[in-house]
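Biologist: Could you walk me through one part of this protein up close? Pick a helix, tell me what surrounds it, and then work outwards from there.

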Amino acid sequence: MARREEGDDAPGRQAGPEQSGLRRFPTDSDSADAAPQQPRTADEADDGTGARDAAEADPQERTDPEATMALRAPADPSRTMALRVPADLASLRPRGIPKDRDAGERDSRGRDSGERDSRARDSRDRDARDRGAPDRETTDRATTDRDAADRETTDRAATHSVAADRAAATKPAATNPAATDPHAPDRTATEDAPADSPSADRDSTMARGVPTDPEATMALRVPEIPAPAPAPVTPRSGPRRKPGRPTVAAGLTARLAPLVEGVKPLARHLRPRYPRPGRSGWRRWVPSWRQSLGAFLTLFAVTASLLGVAYATTEIPDDLNTYATQQDNVYFWADGTPMARTGWVQRQEMPLKDIPEQVRWAVLAAENESFYSDPGISVSGITRALWRTVGEGDTQGGSTITQQYVKNVYLSQDRSVSRKLTEAMIAIKLDQHMTKDQILEGYLNTSWFGRGTYGMQRASQAYYGKEVSELNVSEAAFLASLLKGAGLYDPALSANNHKRAVERWNWILDRMVKIGKLSATERAKYTHFPEPLKQSRVYDTGHQSDYLVELATSYAKKAGDISDQEFDLGGYQIYTTFDRKRENALTKAVTSARKDAKDNDADQAKTAHYGASSVADDGRILAVYGGPDHRKQGFNESNATTVPAGSAFLPFVYAAGLEHGVRKERGTSTTVPVGPDSVYNGDDDVPVSTPEGPYWDRSGKKVTAHNDGNKSWGQIPLHKALASSVNAPFMQLGMDTGLDKVRLTAQATGMLASSMGPQVPALTMGSSTPSAIRMASSYATFAADGTHTEPYSVRRITRNGTRVALDTPNPHRAVRTEVARQVTEALTESFRTQHPDAASASAQIAGKAGTTDKDTAAWYVGTQRSVSTAIVVYRMDLTESLEPLPLKGLAGSPASTVPYDIWSSALSPLS
């Protein structure tokens, strides 16, 4: 079909909308009979009437209006394009095409049109549904009516178009000179007729190819689309780059292309059609069984894939929760009864072998009876918990023991779906890495039982005051009920709790019978609820126990080589050497003395301190008094090295002289032995001499010895001098023996080197500052026949049932046995001399009082059988300094000193 190009209109003529358009379609006869054409000028262009084409064509073809379809396409986009539709579409068939072929094409075009109409209707249905339009049936009726109206309008237009074409064809061709003479002016019949002639108007209209009836024309506006300008081509510079190798993704895509092509038909077949065709009403929205099955399988595959990825990416954490691993440290008296505990968490681990089997099965019956057969999780329990969490906004149990253990030691306690899924993944992996017994042991040691306790061991002590190994099945069933929630099942909290606890206790016992872990006969024995303690016996520190714990902790770390960090993690059971009875008696005696001091002089009593300790001859510390309350005074008076020993130090000078002898000449190694009967000058203010003469101090003064009360005793045996506490002989004895020997002897018997005084004559008068514990330990060496054992406060340590190696002290020889007995005899005589009626003649008691030069401390150290007890009283204002203050009568009178009263009261009866 030849289209007129822009610029084909003759100069000086303006083609109107009716004068510019396209010629008719050429036929087979046209292509066969047409003569060669010369290039046309602008004047030879079509004038819009079709007369030139009609003159050149076959007359039959020219006069048949049904064989022509005029389509005018104006260059101006505002113009219209007139389309004449013949009434008989079959007449438009070109020559040479069989009718059968034409009919086949029509059938094919009809089928294509029907498919397009069907797709158009489906599209209109979807648009209508989006706009909230009526249903399909109403839409179909409206569409049918509209199509009928369109066909009727088209038929009328076609009829009028045919009539117009016939009228135009009947006009002679010679009316236009251009038909015969190419050079004649282009005139039409319209030019010859008057302007107002009806025939002229009709002929002009027909010549332009526009029907007189407006209904016979279907106007279509076709905007002119300018052709895009070609993009400039920039020549490449440089060498041509070689094509790169195809990427992995491209290669994979190419390989999968055949598979994708093969799947496309199946995918189109499976593509859901919604709403479902052939259904009406609500049934259009009900999925078919294929759709339901496909959705289920898809959901199952996606869920399985996600769970597989979650399982593969979830790892068992290396770090446990702090509260899951931290335990408390429990301290026990010497008799094995609990004394105190320390730590933020009240928990103590116990090996599974130490937990009775019935106790274990009571827990399993209550929480997870299929524990030994399940894979670590419960699908129904997880589903129930998730449903409760998502559907009702809270969470519910349903976890296995493995899941609960994972929550206790690896995860937080928050309630969320993500935590629940993570818990399940770790539980599955943990079940494959640990044995069931290991998981159960961990669970029983980390679960919370209320009353601030974690683990079965601490729960047993808190609710029944006994070890877990001592529980019966009835008590174990109650403790198992607490795992459901101690706040709901602790009978001590409320009557409702008591009722719930009894019901669950009965249910657990019946459950044990059902699973075959408790016989019906044994079950019949437990008809009464095992009432737990009203108050928890959670052993806490306080008062004197704080000082005991302080000593034991310090010793345990040192002797057990335990770091502070390890010790703070807890789990240690520390068995001390403290004797409960002796401790109570000593505390009572000191407390009474404090009360008396406060009644006599409240101001002085505020600065009074009382240190006391009892140590056995094998080194065991049996009792100490550290202060009124460790929470108010952390200063431990029994272990303080702040006040001088005074005359209580004389036995060590005596033992050094007996052990090493004396030297009368300088520069010789020859020593002269001394004994209890060796005589020394006991006068007051006697100068201390050396082999070279008197001993001068750094200020240029002679050093002299002074006795209590400035009393002179004359020549006196050493035995009697010690019994009478005469100082002068022992100052000289120390110089003769050698102050270094005195120092070594004191340290060998138990004194600390750090507490020893300067190596000057005052050393023999007790310038050293031993603690009450060390003083008692050194006196105990004499009671042990000269064998000394370092004082210790811990005899055994275990951690979660495993014994911890201790560096226990070993006894060693401090002085000869003969020397130790001679010292003990002198101390025994001292006790008898000062307190003749205090004990029977058969009582094995030895002791001595001690005073200081400036009356800053008062001592009494004595031994009853194999236990030595040291008491010291002094004054010190801890808010000002650590310098001792004068006693000013606080220690009592020489005849009845406060230290001796405390000592005798604590050891009463003296026998």
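Modeller: What follows starts with one helix, moves to its surroundings, and ends with a few single residues elsewhere. Keep in mind that this is a predicted model.

Let's take helix α31, which spans residues 898–907. Of its 10 residues, 8 are buried, so the helix is largely enclosed by the rest of the structure. The buried ones are V898, P899, Y900, I902, W903, S904, A906 and L907. If you like helix geometry, an α-helix has 3.6 residues a turn, so residues three or four places apart point the same way.

And what do the buried residues of α31 pack against? There are two kinds of partner. On the helix side you have α23 (580–600) and α30 (817–834). On the strand side you have β9 (608–616), β21 (845–851), β22 (857–864) and β23 (867–875).

One of those strands, β9, leads to a handy landmark. T607 sits in the loop between α24 (602–606) and β9. With a relative accessible area of 13%, T607 falls under the 20% cut-off, so it counts as buried. Leaving out residues up to four places away in sequence, T607 touches Y874, R875, M876 and D877.

Y874 turns up again in a cavity. The structure holds 3 cavities of 30 Å³ or more, and the second largest has a volume of about 40 Å³. Its lining includes Y874 along with V872, W859, E637, A640 and T641. T642, V643, P770, S771 and A772 line this second largest cavity too. By type, the lining splits into 7 nonpolar residues, 3 polar and 1 charged.

W859 gives us a way from that lining into the packing. The largest nonpolar core has 79 residues, and W859 is among those with the most contacts inside it, together with F649, F730 and M775. To see what F730 is up against, look for L650, V653, Y654, L718, A721, L722, T764 and M765, which it touches once residues up to four places away in sequence are set aside. There is also a second, separate core of 51 residues, which includes L364, L440, L471 and A480.

L471 from that second core is a contact of S460, too. S460 is in helix α16 (residues 456–464), and it counts as buried because its relative accessibility is 0%. Besides L471, S460 touches G465, K466, E467, V468 and L479, not counting residues up to four places away in sequence. The C-alpha atoms of S460 and P532 are 9.6 Å apart, although 72 residues separate the two along the chain.

One more loop residue before zooming out: R284 lies between α8 (248–270) and α9 (289–313). Its relative accessible area is 18%, under the 20% cut-off, so R284 is buried. R273 is 11 residues from R284 in sequence, and their C-alpha atoms are 9.8 Å apart.

For the whole protein, the secondary structure comes to 31 helices and 23 strands. Of its 911 residues, 41% count as buried. Among contacts between residues at least 6 apart in sequence, 66% join residues at least 24 apart. The protein exposes about 49,800 Å², and carbon and sulfur atoms supply 52% of that.

Notes. Residues are numbered from 1 along each chain as its sequence is written. This is a predicted model: local features need pLDDT of at least 70, side-chain atom pairs count only at pLDDT 80 or more; totals for chains, interfaces and linings use all residues. Side-chain values use heavy atoms; hydrogens and water are left out. Buried means under 20% relative accessible area, exposed over 50%, partly exposed in between (1.4 Å probe, protein chains only). Helices (H or I, at least four residues) and strands (E, at least two) are DSSP runs, numbered from the N terminus. Contact means heavy atoms within 4.5 Å. A nonpolar core is a set of buried Ala, Val, Leu, Ile, Met, Phe, Trp, Tyr and Cys residues joined through side-chain atoms within 4.5 Å. On a 1 Å grid over the protein atoms alone, a cavity is a set of points where a 1.4 Å probe fits but cannot get out, and a pocket is an open set with protein on both sides within 12 Å along at least five of seven lines; lining residues have an atom within 4 Å of a point. Grid points are joined across faces, edges and corners, and a volume is the space filled by probe spheres set on the points. Ala, Val, Leu, Ile, Met, Phe, Trp, Tyr, Cys and Pro count as nonpolar, Asp, Glu, Lys and Arg as charged, and the others, Gly among them, as polar. Accessible areas come from the Shrake-Rupley method with a 1.4 Å probe; for residues, only the protein chains shown count as cover.
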